[in-house]
Amino acid sequence: MHEAMVAQNLLEKISEEAAKQNAKPISAKISCGKLYAINDEALRFAFKAIAQDTMCESMKLKIEHKTIQAHCKNCDLDFDIEFSQPACPNCGGDNFELLPDAPLMLEEIEFQEG
Ligand SMILES: [Zn+2]
């Protein structure tokens, strides 16, 4: 249950921030790399379950999956890699290495106004 752990972690971070702001959170944006196997629906479901009866109840989660980046060893360009066409967009070479997948990040939290 990977998503359950992620959801727990998110809830803790959001609750902490909400306590600091003294406001009710209504939505949060998170991002993670494509290789970071998060199932959106499973995460939303897990979050909803543990957020029940907390101030994070009925929050919306926006989940963005970032593309994987590669670094071209020919021309030093960093680019978003397409696995359907794995080549450097600048020099067309295939002498590149994959950069580490983006970690899971809590990007922003939206709070209820007033
Ligand atoms: Zn290149």
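Which element gives the most to the lining of the largest pocket? I started there, on a predicted model. Helix 2 does, with five residues.

**Entry 1, pocket.** I looked up the volume of the largest pocket and got about 190 Å³. Helix 2 and strand 2 are the elements that give two or more residues to its lining. I then listed the lining residues. From Arg44 the list runs through Phe45, Phe47, Lys48, Ala51 and Gln52. It goes on with Cys56, Glu57, Ser58, Met59, Lys60 and Leu61. I sorted this lining by class: six residues are nonpolar, four are charged and two are polar.

**Entry 2, main core.** Next I turned to the nonpolar side chains. In soluble globular proteins, such side chains tend to be buried together. Here the largest nonpolar core has 21 residues. Leu10, Ile14, Leu43, Phe47, Cys56 and Met59 have the most contacts inside it. I noted which elements give this core two or more residues: helix 1 (2-21), helix 2 (40-51), strand 1 (25-33), strand 2 (60-66) and strand 6 (105-111). Helix 1 supplies the largest share, six residues.

I cross-checked the two lists. Phe47, Cys56 and Met59 are among the core residues with the most contacts, and Phe47, Cys56 and Met59 also line the largest pocket.

**Entry 3, Leu43.** I picked Leu43 for a closer look. I left aside its neighbours within four places in sequence. Leu43 is then in contact with Glu3, Val6, Ala7 and Leu10, and also with Ile30, Ile38, Leu61 and Ile63.

**Entry 4, second core.** I found another core apart from the largest one. This other core has six residues, including Ile68, Cys72, Phe79 and Ile81.

Conventions. Residues are numbered from 1 along each chain as its sequence is written. This is a predicted model: local features need pLDDT of at least 70, side-chain atom pairs count only at pLDDT 80 or more; totals for chains, interfaces and linings use all residues. Side-chain values use heavy atoms; hydrogens and water are left out. A nonpolar core is a set of buried Ala, Val, Leu, Ile, Met, Phe, Trp, Tyr and Cys residues joined through side-chain atoms within 4.5 Å. Buried means under 20% relative accessible area, exposed over 50%, partly exposed in between (1.4 Å probe, protein chains only). Helices (H or I, at least four residues) and strands (E, at least two) are DSSP runs, numbered from the N terminus. Contact means heavy atoms within 4.5 Å. On a 1 Å grid over the protein atoms alone, a cavity is a set of points where a 1.4 Å probe fits but cannot get out, and a pocket is an open set with protein on both sides within 12 Å along at least five of seven lines; lining residues have an atom within 4 Å of a point. Grid points are joined across faces, edges and corners, and a volume is the space filled by probe spheres set on the points. Ala, Val, Leu, Ile, Met, Phe, Trp, Tyr, Cys and Pro count as nonpolar, Asp, Glu, Lys and Arg as charged, and the others, Gly among them, as polar.
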